[in-house]
Amino acid sequence: MARRAREIFVAWLLIAFGLFLGWRALFDPSFMPDVRPKRFARELTVAEFLQRSSTNLNTASRAELMALPGIGEVLAERILMYRLENGGFSSVEELTEVRGIGEKKLEAVRKYVYVA
């Protein structure tokens, strides 16, 4: 009986210690100070944010193009072929030169693409 009580007591201590560590890790910011970033990222301007989150038509891969709304495998391939044949895009509006992309599709993808 004493052995069983000792096992229960040790199990209770282990559980209590685990709960204590979990609480410290979740709610005490000084417990794990190295987890926080050393420096804060500077705020981006709207133009920088759009450029970093957008797709460059002159460097995008097939997969990146297919992630755009309304652009499937066939249109992505046509965009790549147009880019190869014409040396790249000089403006986003030039996408309408690709067969299968009209004004509606251009407006759907305009805010997701840029040309650099």
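**Reasons behind the labels**

In this predicted model, the largest nonpolar core has 18 residues, and those with the most contacts inside it are L65, I71, I79, F89, L95, V98 and I101. The elements α4 and α5 each give two or more residues to this core. The largest share, five residues, comes from α4.

Me: What makes this set of residues a nonpolar core?
Reply: Members must be buried residues of kinds such as Leu, Ile, Val and Phe, joined through side-chain atoms within 4.5 Å. The 18 residues form the largest such set, I79 being one of those with the most contacts inside it.

Me: Which residues is I79 in contact with, leaving aside its neighbours within four places in sequence?
Reply: They are L65, I71, F89, L95, V98 and I101. A contact needs heavy atoms within 4.5 Å.

Me: Why is N56 called buried?
Reply: Buried means under 20% relative accessible area. N56 has 10%, so N56 counts as buried.

Me: Where is N56 found, and what does N56 touch?
Reply: N56 is in strand β1, residues 55–56. Not counting residues up to four places away in sequence, N56 touches Y114, V115 and A116.

Me: How do you know that the side chain of N56 makes a polar contact with N58?
Reply: The limit for a pair of N or O atoms is 3.5 Å. The side chain of N56 reaches the backbone nitrogen of N58 at 3.0 Å, so the pair is within the limit.

Me: Why is the pair R3 and E7 called a salt bridge?
Reply: The rule asks for a side-chain nitrogen of Lys or Arg within 4 Å of a carboxyl oxygen of Asp or Glu. R3 and E7 meet at 3.6 Å, N to O, so the pair fits the rule. By this rule the count comes to four salt bridges.

Me: Why are R3 and E7 about one helical turn apart?
Reply: Both are in helix α1, residues 2–27, and they are four residues apart, which means a separation of about one helical turn.

Me: Why is R3 exposed while E7 is partly exposed?
Reply: Exposed means over 50%, and partly exposed lies between 20% and that value. R3 has 60%, so R3 is exposed. E7 has 39%, so E7 is partly exposed.

Me: What makes R62 and E77 a salt bridge?
Reply: Their closest approach is 2.1 Å, N to O, and the limit is 4 Å. This pair links distant parts of the chain, with R62 in helix α3 and E77 in helix α4, 15 residues apart. R62 at 37% counts as partly exposed, and E77 at 29% is partly exposed too.

Me: How do you know that R110 forms a salt bridge with E93?
Reply: Their closest N and O atoms are 2.5 Å apart, and the limit is 4 Å. The two are 17 residues apart, with R110 in the loop between α5 and β2 and E93 in the loop between α4 and α5. Salt bridges that share partners join E93, E107 and R110 into one network.

Me: Why are R110 and E93 called partly exposed?
Reply: The label covers values from 20% to 50%. R110 has 28% and E93 has 40%, so both get the label.

Me: How many helices and strands does the protein have, and in what order do they run?
Reply: There are five helices and two strands, and from the N terminus on they run α-α-β-α-α-α-β.

Notes:
Residues are numbered from 1 along each chain as its sequence is written. This is a predicted model: local features need pLDDT of at least 70, side-chain atom pairs count only at pLDDT 80 or more; totals for chains, interfaces and linings use all residues. Side-chain values use heavy atoms; hydrogens and water are left out. Buried means under 20% relative accessible area, exposed over 50%, partly exposed in between (1.4 Å probe, protein chains only). A polar contact is a pair of N or O atoms within 3.5 Å; within protein, one must be able to donate a hydrogen and the other to accept it, and residues adjacent in sequence count only if both atoms are side-chain atoms.
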